[in-house]
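Me: I should like to understand the reasoning behind the terms used for this protein chain. Please take them one at a time.

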Amino acid sequence: MRIATGGILHETNTFATGTTPLEAFIGPTSRDGDIDREWLQDSRGVGTPTGGFITASDEEGFELVPLLRRYPQPSAMVEQEAYDVLSEMLLERLEKALPVDGVLMDLHGAMVCEQMEDPAGDQLARVRRMVGPTVPIMAVLDLHANITPLMVENADALVGYDTYPHVDTYERGLEAGRLIVSAIEGKIRPVSALEQLPMLIPPPRQCTLRPPMSEIFDYVHEVEERPGIVCVTLSGGFPFADIHDAGASVVVTADGDADLAASTAREIATLLWERRDEFALHLSDVDEAITEAIASGEGPVVLADGSDNPGGGAPCDGTVMLEALIRHDAPRSTVAIIVDPEAVEAAIAAGVGAQVTLDVGAKTDDLHGKTLKLTGHVRLISDGRYTNEGPMSTGARGNMGCTVVFVVGDVEIVLTERRIQPFDTAVLRSVGIEPTRRLLIGLKSAVHFRSCYQDLAVKIHEIDTPGVHHPDVIRYEYKKVRRPMWPLDKDVNYPADS
Ligand SMILES: [Zn+2]
């Protein structure tokens, strides 16, 4: 049994400044070079969907045929050329790999490119056309997928992450790998139904460690045990991709019973809708949060700067939180990370131990604070490499590029060359910072940091700072999303005919 695997993944923030070029996907590799041959062997034992596909292939004894997989950091609108080049390459490789018994895709579900609102659906549709109607295609999707009819029509099952922070990506890969074998062997006949909700849920409230999402997912898991149900995917959606199909959705896959799939999807969607008022935001004022932490003296207190979260496409060079920490002369404080290659270069030129004045941050746009002129000393210079130690993408390697710890007063700033989301404690430990000994830790992350910091922190504040990932969806000027849409509009009905 041979199963092809691959996917072009991106989470596109259509409100972010600029565009995302092909180079963001392929790095310095040449356009027609032999890109991405190692990703499959590098994924063995790693906490990712492909890691799960590999375990399934070991268990079930099928061969995984690698096509192409690329997944850059979330960012602005993807240039059409980037998607066209990569999708052509993926399809060419699939054509060469034929015949295959199935296709297992690793997709995100919230990618947008200049002339296409649903490149994930497009990939599934083109793969379907190539392999024909009888070869099973299944895909793992992010919990932030904006699931479309095109995706559902062209996949035999969509297996979405059940967690945010995304700590079950390996398990969902394994689940999809086992399901596709059952479908190939004719043991199940998957049929799916999609229920789209008129709801844009702010990402911090999609966190599955807290109600309402924790309780809704408990219910989803009970439903998955019912006879005839193959898989339930509940997607919170990615509200910062302004497309027609943005928003929360439910996909239920049943065994040969389309009516059961549809009624179950409606049931779960209704439960989500009925609890919509519980998705209200509770943000902290940054000055109040800092003052309170200094007064208590007990740490670590985490300040989550979700508005500048690179994991949602923000630039990660915002300075509002940093400026406040310095203004309060906060003791034992750390900000991770500020992406600023110029400041990194200047700090490296000055050298370890040197006193230097740097222009720090807010260079991408004027939506994330002002550039700060800061005098401090260079404590440490690193190659920026680390390996995730927490429960999310466990064992996966990260690379911040050249990285400097720059200290102003008692505030340590992790300045980096590259944009990554600092959700794992390994980011700090890799540059000699022990998070448990800090009073205040400012993180450019909305929710994923909770995978490591939920138990480690004495308190967590989601702070109210400006940015293109500010969780309050009412602040954004939507042009494409279907209306009416909660909470943008009044009098939204669900189901629409109710
Ligand atoms: Zn996500």
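Reply: Certainly. Please bear in mind that this is a predicted model.

Me: Why is D287 called partly exposed?

Reply: The relative accessibility of D287 is 24%. Buried would require under 20% and exposed over 50%, so D287, at 24%, counts as partly exposed.

Me: What makes the pair R327 and D287 a salt bridge?

Reply: The closest N and O atoms of R327 and D287 are 3.1 Å apart. The cut-off between a side-chain nitrogen of Lys or Arg and a carboxyl oxygen of Asp or Glu is 4 Å, and the pair therefore qualifies as a salt bridge. R327 belongs to helix 11 (residues 320–327) and D287 to helix 10 (residues 286–296), so the pair links distant parts of the chain, 40 residues apart. R327 is partly exposed, at 48% relative accessibility.

Me: Why are helix 10 and helix 11 called oblique to each other?

Reply: Their axes cross at roughly 40 degrees. Angles under 35 degrees would count as roughly parallel, and 65 to 115 as roughly perpendicular; helix 10 and helix 11 are therefore oblique. The axes come within 10 Å, and the crossing is right-handed.

Me: Which residues of helix 10 and helix 11 meet?

Reply: From helix 10, V286, D287 and I290 meet M321, A324, L325 and R327 of helix 11. The residues of this contact divide into 5 nonpolar, no polar and 2 charged.

Me: How do you know that K373 is exposed, whereas D359 is partly exposed?

Reply: K373 has a relative accessible area of 63%. Exposed means over 50%, so K373 is exposed. For D359 the value is 37%, which lies between the limits of 20% and 50%, and D359 is therefore partly exposed.

Me: What joins the side chains of K373 and D359?

Reply: They meet in a salt bridge, with 2.9 Å from N to O. K373 lies in strand 12 (residues 372–382) and D359 in strand 11 (residues 355–360), so the salt bridge ties together parts that are 14 residues apart in sequence.

Me: What makes R483 and D489 a salt bridge as well?

Reply: The closest N and O atoms of R483 and D489 are 2.8 Å apart, and the rule asks for a distance within 4 Å; the pair therefore forms a salt bridge. R483 is partly exposed at 43%, and D489 is partly exposed at 22%. Elsewhere, D162, D168, R172 and E175 are joined into one network by salt bridges that share partners.

Me: How many salt bridges does the rule give?

Reply: The count comes to 31 salt bridges.

Technical notes:
Residues are numbered from 1 along each chain as its sequence is written. This is a predicted model: local features need pLDDT of at least 70, side-chain atom pairs count only at pLDDT 80 or more; totals for chains, interfaces and linings use all residues. Side-chain values use heavy atoms; hydrogens and water are left out. Helices (H or I, at least four residues) and strands (E, at least two) are DSSP runs, numbered from the N terminus. Buried means under 20% relative accessible area, exposed over 50%, partly exposed in between (1.4 Å probe, protein chains only). Axes are lines fitted to C-alpha atoms, for helices over the stretch in contact, and angles run from 0 to 180 degrees between N-to-C directions. Angles under 35 degrees count as roughly parallel, over 145 as roughly antiparallel, 65 to 115 as roughly perpendicular and the rest as oblique. A crossing is left-handed if the near helix is turned anticlockwise from the far one by less than a right angle, and right-handed if clockwise. Contact means heavy atoms within 4.5 Å. Ala, Val, Leu, Ile, Met, Phe, Trp, Tyr, Cys and Pro count as nonpolar, Asp, Glu, Lys and Arg as charged, and the others, Gly among them, as polar.
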